[in-house]
Amino acid sequence: MALTLYVDTARWRAHQQMVIQQFPGIVPVCKGNGYGFGHERLAEEAARIGSDILAVGTTYEAARMKDFFSGDLLVLTPFRRGEEPVPLPDRVIRSVSSVDGVYGLVNARVVIEVMSSMKRHGITEQDLPKLHAAIENVRLEGFAIHLPLDRTDGLDAVEEVIGWMDRLRAARLPLHTMFVSHLKAEELARLQQQFPQTRFRARIGTRLWLGDHDSTEYRGSVLDVTRVAKGDRFGYRQQKAASDGYLIVVAGGTSHGVGLEAPKALHGMMPRAKGVARAGLATVNRNLSPFVWAGKQRWFAEPPHMQVSILFVPTEVPAPQVGDELVAHLRHTTTQFDRLLDR
């Protein structure tokens, strides 16, 4: 009995091909938990589509992925002096976001990140004159810019990239390759047309692996079903059942990521109101689970356990049977499955 990720493989791969066609020279990204699929599976998919490079999050991920993927590995987290050394092959490319970092990577293959409107990390325009000497002792693979997802100030993404292209060109720095993130296909095409001597390579993870929501589905197996009457005590905390119903024990707990949710940016009054309502219910131990039965998400009977969750289903709803599977609306990037099944 398990929390299972079902993948409609043909549909999933058809979506991959669509994205690949839209973004020539794509750099697939595999970081974190492998977008819910795992590192080994995404390494296999990257090799299958013929990618010469795979982007990973950290040096530790690169150390693991080197055994699954034979092409170049681009580490997205910038190098910092004093970081723990991790043995890596020469086919690993390090990102760097400071002049000092470039000096610290003698003879290494590097991609230099520039500071975008994200304001996360990157070299500034004032750093550019210092780069000429710094890049003499590294193998420069190109520059990179990581753009924000939302643009509330109306600034055009293409114009932001063009601004950096002009600065780099004015500083007489090599512009053979520019790695970009969070651009639309038509925006990438505009850039490629304006700068035909530069190869633009889009680093893409979410859109590539998770862009077709209907190609994947999580399901948790029902392990036990117990009828309870109003007032019956149950669970770790021995709470009382608020009404007659069923306690449904389903595979999928905190070790899988069930009950864990990353903070979300809320836009508009309705999402904010719903957020306030959820917070209010949580104060009286009413939390909606991600598991669906009979067309509705069901309430947690109590906070999820390590490997299972206990749900409450009222008597007016037919109870599931042991061995049934409940669809679970889970976030791929925070979920660990027990098994993955292609179908």
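1. In this predicted model, eight strands form an open sheet with parallel pairing, and their order is β2-β9-β8-β7-β6-β5-β4-β3. The edge strands are β2 (27–28) and β3 (53–56), each of which pairs on one side only.

2. Within that sheet, β7 (residues 139–146) pairs with β8 (residues 177–181) in the parallel sense, over four bridges. One position to look at is A144, whose bridge partner in β8 is F179. Helix α6 (residues 157–170) packs on the sheet and touches β6 (109–114), β7, β8 and β9 (199–204). The direction of α6 makes about 145 degrees with that of β7.

3. Strand β1 (residues 3–7) has two partners to consider. With strand β10 (residues 216–228), β1 runs antiparallel, and five bridges join the two. L5 of β1 stands opposite Y218 in β10. With strand β18 (residues 339–342), β1 runs parallel, and four bridges join this pair. Here V7 has D342 in β18 as its bridge partner.

4. Burial of β1 comes next. The strand is mostly covered, with five of its five residues buried. In a regular strand the side chains alternate between the two faces of the sheet. In β1, one side carries L3, L5 and V7 and the other carries T4 and Y6. These residues are all buried, and both faces of the strand are covered.

5. Rolling a probe the size of a water molecule over the atoms shows where empty space is left. The structure holds one cavity of 30 Å³ or more. The volume of the largest cavity is about 40 Å³. Its lining consists of E113, V114, S116, M118, K119, R120, H121 and H146. By class, that lining has two nonpolar, three polar and three charged residues.

6. The second largest pocket holds about 650 Å³ of space. It is lined by 23 residues, and those closest to its centre are K31, Y35, H146, H182 and T206. The elements that give two or more residues to this lining are β9 and α8 (206–210). The lining divides into six nonpolar, 12 polar and five charged residues. H146 deserves a second look: this residue is in the lining of the largest cavity, and H146 is also among the residues closest to the centre of the second largest pocket.

7. Two backbone positions should be checked by eye. K119 is not a glycine, yet has a positive phi of about 60 degrees. The residue lies in the loop between β6 and α5 (128–134). K119 counts as exposed because its relative accessibility is 62%, and exposed means over 50%. K119 also belongs to the lining of the largest cavity.

8. The other position is A294, which has a positive phi of about 55 degrees although it is not a glycine. A294 is found in the loop between β14 (288–293) and β15 (296–300). With a relative accessibility of 52%, A294 therefore counts as exposed.

Conventions. Residues numbered from 1 in each chain as written. Predicted model: local features only at pLDDT ≥ 70, side-chain atom pairs only at ≥ 80, totals over all residues. Heavy atoms only, no water. Pairing = 2+ DSSP bridges. Contact = heavy atoms within 4.5 Å. Axes fitted to C-alpha atoms, helices over the stretch in contact; angles between N-to-C directions. 1 Å grid on protein atoms, 1.4 Å probe; cavity = no way out; pocket = protein on both sides within 12 Å on 5 of 7 lines; lining within 4 Å. Points joined across faces, edges and corners; volume = space filled by probe spheres on them. Nonpolar A, V, L, I, M, F, W, Y, C, P; charged D, E, K, R; others polar. Buried < 20%, exposed > 50% of the residue type's maximum accessible area, 1.4 Å probe, protein only.
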